[in-house]
Amino acid sequence: MASERTSTPQSSSRQSSSLSSSPMSTRMQTLQVDSVQRWMEDLRHMTEVECMCVLQAKPIGVDEDSHQGELIVTSGITAGDHVARNNLQTLLRRALVVSTELGKMFQRLEKGRWQRVHSTAVRANCHVRSLVLEYSAARSTPPEMQKYEKSLLEKCMELTNITERCLHTDNEFFLKSMREAIHEILTDVSDSFSNMIDMALANEIRVLIKQIESSDCVQTIGCAISNLLSLTQDGPQLCSIIAKEGAVVALFKICRQDRFRDLYAHALRTVASICCVEEGINQLDKVDGILCLADILTDESSVEAARAEAAAVVAQITSPHHTSTQHLASFLESMHDIVTALIKLCESASCGEVFLLASAALANITFFDSMACEILLQLNAIHILLEACKDRQRVDTPYSKDQVVTILANLSVLEPCASEVLQEQADQHPPVGSEVRC
């Protein structure tokens with residue numbers, strides 16, 4: 001959510017009796033109802049996870065120390081294939097709430113607001129205990145995680161006790177020494193909490209990966225893959241955990257079995273998301289994932305969706321933004337087959353998304369090896385790409401046009417490129433309304 005919405009501040013108890021019947025009070029109530037109704041209408045356009053995070057992390061009223069309604073009670077875990085997803089989403093939401101409270105404590109500690117420091121410590125303690133109890137009830141926790149839980153709960157209680165001591169004195173020397181002690185404990189709590197959440201998330205991810213590896217049911221595997229894909233949208237840190245737990249290996253096992261052909265596209269989309277981090281690319285390289293991608297791209301019996309998602313993985317692992325290029329050594333062995341398959345996919349793409357993925361992969365490939373440019377020239381790529389630009393069904397966004405321009409610009413390092421472009425009269429039909437810069 002880009003904006004924060006707050007309701008009209010409520011009057012204090014001393015003013016409520018005198019203003020309850022005044023015109024101003026009635027007007028404020030009307031405005032408050034209108035703002036809430038408008039907010040409820042906006043909720044239709046927001047995702048559930050984003051909405052829940054904001055609702056749980058921010059009080060509706062302006063009184064940030066209000067205790068009413070701040071202790072979150074989450075719904076129970078449902079049975080069936082959605083148990084893992086519910087556990088994961090609960091963990092993520094509750095982790096955000098605790099992190100928010102700990103962040104408030106750091107800020108208030110620096111300002112010496114001892115009453116607020118203590119009240120925030122109490123709330124953080126309640127949230128942590130509730131999270132640990134809920135998770136333990138829903139899932140058996142590994143022994144190493146139980147140690148973190150015990151240590152974290154003890155530190156939270158210590159933090160609550162030590163902040164309470166600061167409420168009963170005005171001694172500046174004592175408060176200064178307590179500030180340093182509290183800051184140290186608070187740092188320990190934050191670190192311990194982060195480690196515990198990472199271990200809990202890894203535990204849930206292992207459950208999903210086990211479902212992918214051990215199940216023969218397409219529906220069960222598909223649900224587990226969907227849950228993994230959903231998690232990859234929560235940032236690089238979670239993608240790193242997913243990669244370290246072996247998700248890339250499990251997903252490529254699916255993509256090497258003909259009986260799971262219907263899951264190829266879904267699995268490859270998840271792989272592409274995981275490979276936004278170096279650990280994901282390293283795992284892909286270890287299982288010869290590039291060979292698998294080449295097989296899917298060159299297999300004429302593969303559906304377009306699977307080949308498009310394979311192109312997305314190629315685009316991800318060849319992105320110039322990655323600092324590591326070790327995996328590109330194995331890519332060179334299959335480059336001719338992959339480049340040929342990608343330009344064919346550009347030519348036969350049934351929609352703009354397929355063309356965008358294939359052309360993005362080609363654009364990245366032409367950045368790091370001139371041999372790819374030579375292959376594209378031999379395959380009449382300039383004609384194919386410029387013809388595609390005339391087809392609004394395939395090239396339907398500026399992003400797709402940008403990929404075409406990038407490919408032509410990289411091809412321009414070769415001498416035959418200029419004559420090829422002139423032959424196609426590219427100057428009369430520029431992809432983005434301007435000349436290609438060579």
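What percentage of the 438 residues in the protein is made up by buried residues? In this predicted model, buried residues account for 45% of the 438. The protein has 21 helices and zero strands. Of the contacts with a separation of 6 or more, 75% join residues 24 or more positions apart.

**Helices α9 and α12**

The axes of α9 (residues 236-244) and α12 (residues 278-286) come within 8 Å of each other and cross at roughly 25 degrees. Angles under 35 degrees count as roughly parallel, and α9 and α12 are therefore roughly parallel to each other. The crossing of α9 past α12 is left-handed. On the α9 side the contact is made by Ser240, Ala243 and Lys244, and on the α12 side by Glu279, Gly280 and Gln283. By class, these contact residues are one nonpolar, three polar and two charged.

**Helix α16**

Helix α16 covers residues 335-348, and its 14 residues should span 20 Å at 1.5 Å a residue. The C-alpha atoms at the ends of α16 lie 20 Å apart, which agrees with the expected span. Its buried residues are Met335, Ile338, Val339, Thr340, Ala341, Leu342, Ile343, Leu345 and Cys346. An α-helix has 3.6 residues a turn, so residues three or four places apart point the same way.

Which helices are included in what covers the buried residues of α16? The table lists them.

| Helix covering α16 | Residues |
|---|---|
| α13 | 289-298 |
| α14 | 304-317 |
| α15 | 328-333 |
| α17 | 352-368 |
| α18 | 370-378 |
| α19 | 381-389 |

How values were computed:
Residues are numbered from 1 along each chain as its sequence is written. This is a predicted model: local features need pLDDT of at least 70, side-chain atom pairs count only at pLDDT 80 or more; totals for chains, interfaces and linings use all residues. Side-chain values use heavy atoms; hydrogens and water are left out. Axes are lines fitted to C-alpha atoms, for helices over the stretch in contact, and angles run from 0 to 180 degrees between N-to-C directions. Helices (H or I, at least four residues) and strands (E, at least two) are DSSP runs, numbered from the N terminus. Angles under 35 degrees count as roughly parallel, over 145 as roughly antiparallel, 65 to 115 as roughly perpendicular and the rest as oblique. A crossing is left-handed if the near helix is turned anticlockwise from the far one by less than a right angle, and right-handed if clockwise. Contact means heavy atoms within 4.5 Å. Ala, Val, Leu, Ile, Met, Phe, Trp, Tyr, Cys and Pro count as nonpolar, Asp, Glu, Lys and Arg as charged, and the others, Gly among them, as polar. The expected span of a helix is 1.5 Å times one less than its number of residues. Buried means under 20% relative accessible area, exposed over 50%, partly exposed in between (1.4 Å probe, protein chains only).
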